[in-house]
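Biologist: I am new to this structure and would like a close look at a single part of it, one sheet together with whatever lies around it. Please go slowly and explain each term as it comes up.

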Amino acid sequence: MKSRMSPCLRPRPPASQVKQLVLGERKGAGFFGAVYVVKNYAELEPRYKRGFDGPIVAKFPHALRFLSFLGPIKFIKKSTLRELDNLRFLEKHWKSIQQSPEFPKGAAFSNGRLPVVPILSVISTKGGTALIKPLLEKGKVLFLKDIAELVEKNGGKLPDSYEGVNMEESLRDIYMLVQAIYKTVNVDGQPYSSDIRPPNLCFVRDPGLVKQFGMSKPGFALFELDQIPTRRIPCLSRAFIEGDTTFEKYRDQFLLYVNNRK
Ligand SMILES: Nc1ncnc2c1ncn2[C@@H]1O[C@H](COP(=O)(O)OP(=O)(O)O)[C@@H](O)[C@H]1O
Ligand SMILES: [Mg+2]
């Protein structure tokens, strides 16, 4: 079953004013956003945390370097809301994605939910609209650097058995999920191409976190599950994973990227 998202039907986030979000360490930055630890997370009203009581991060749209006084630029500003819209949209169609023939049967997330860091709330601040998410802590998840170390120790390949899990199979599960989404969901008349470049992935290993993610065992998960921006930035398209890329090609690109990260 194909679904179509009409822009006018996109739910608007319940943006609210919060007095102050005290930001700490920057955990990372990708193309559109920058992710910061929220130091005063304990003071934040529970409704912004959807019952979650651990440390959180706030993801902001980038401002232009040297022109940051202008605030985040419009095209990038929209990306935060688009990320939310897209995740909610995929969550809504999760059941049909699970029924797709491409959907992996034995994955950690097969009988759970989308293996994506949840968006707890959206907060409108002077610095732009921020997405609030749980902080994933080093040790509980493997970040790219940790994965690079593992791969190096394992002769350039993902280990067959890490925490009892075949990591290459776990990566394949993410790849198959993306195929299932590609075959099932249409957005604005186009198949949904998920952006599963390596910096969007982590490996969830802590048993408590595995449970929080609704996973049945450790495995790869995503910081975000946005669309690839190929149509908007064609010159970058080579770097993205299209719906018809084979798993072997994706895995090799993944390993190449991870090895260059060391
Ligand atoms: N919830 C989180 N906890 C810890 N680190 C995070 C979290 N979300 C993102 N990061 C870090 O920030 C980087 C960029 O995050 P991402 O959401 O992919 O932003 P962008 O949209 O800019 O690509 C990730 O590669 C990761 O290292
Ligand atoms: Mg990213």
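Modeller: Two residues are in contact if their C-beta atoms, placed from the backbone, lie within 7 Å. By that rule, among contacts in the protein between residues at least 6 apart in sequence, 66% join residues at least 24 apart. This is a predicted model, in which local features need pLDDT of at least 70 and side-chain atom pairs count only at pLDDT 80 or more, whereas totals for chains, interfaces and linings use all residues. Residues are numbered from 1 along each chain as its sequence is written, while chains are lettered from A and ligands numbered from 1 in the order in which they are written.

The protein contains six helices and ten strands, where helices (H or I, at least four residues) and strands (E, at least two) are DSSP runs numbered from the N terminus. Of its 262 residues, 34% count as buried; a residue is buried if 20 or more other C-beta atoms, placed from the backbone, lie within 10 Å of its own, exposed if 12 or fewer, and partly exposed in between.

The part to look at closely is an open sheet of five strands in the order S1-S2-S3-S5-S4, with antiparallel pairing; two strands pair if DSSP finds at least two bridges between them. S1 and S4 are the edge strands, each pairing on one side only. On average, neighbouring strands of this sheet are turned by 30° against each other, direction ignored, the angles being taken between lines fitted to C-alpha atoms (for helices over the stretch in contact), on a scale from 0 to 180 degrees between N-to-C directions.

Within this sheet, S5 deserves particular attention. Seven of the seven residues of S5 are buried, so S5 is largely enclosed by the rest of the structure. On one hand, S5 pairs with S3 in the antiparallel sense over four bridges, and lysine 133 in S5 is the bridge partner of valine 57. On the other hand, five bridges join S5 to strand S4 (residues 121-125), again antiparallel, with serine 121 standing opposite isoleucine 132 in S5. The hairpin that joins S4 to S5 passes through two residues.

The sheet also borders ligand 1, which is surrounded by 20 residues, the closest being Lys27, Gly28, Gly30, Gly33 and Leu136; a residue is near a molecule or strand if its C-beta atom, placed from the backbone, lies within 6 Å of it. Strand S1 (23-29), strand S2 (33-38), strand S3 (56-61) and strand S5 (128-134) each supply at least two residues of this shell, and the largest share, three residues, comes from S1. The shell divides into twelve nonpolar, four polar and four charged residues, where Ala, Val, Leu, Ile, Met, Phe, Trp, Tyr, Cys and Pro count as nonpolar, Asp, Glu, Lys and Arg as charged, and the others, Gly among them, as polar.

In the loop between S2 and S3 lies arginine 50, whose phi is near 45°, a positive value in a residue other than glycine. With 12 C-beta neighbours inside 10 Å, arginine 50 counts as exposed. For background, most residues other than glycine have a negative phi.

Beyond the sheet, the largest nonpolar core has 60 residues, and those with the most contacts inside it are Ala58, Ile174, Ile181, Cys202 and Val204. The largest share of this core, nine residues, comes from H4. Such a core is a set of buried Ala, Val, Leu, Ile, Met, Phe, Trp, Tyr and Cys residues joined through C-beta atoms within 7 Å. Leaving aside its neighbours within four places in sequence, isoleucine 174 is in contact with Ile196, Leu201 and Phe220.

Finally, there is an open sheet of three strands in the order S6-S9-S10, also with antiparallel pairing. Strand S6 (141-142) and strand S10 (219-222) stand at its edges with a single partner strand each, so one side of each is left without a neighbour in the sheet. Strand S9 (residues 201-204) pairs with S10 over four antiparallel bridges, and the partner of valine 204 is glycine 219 in S10. Helix H4 (residues 167-184) packs on this sheet, touching S9 and S10, and its direction makes about 35° with that of S10.
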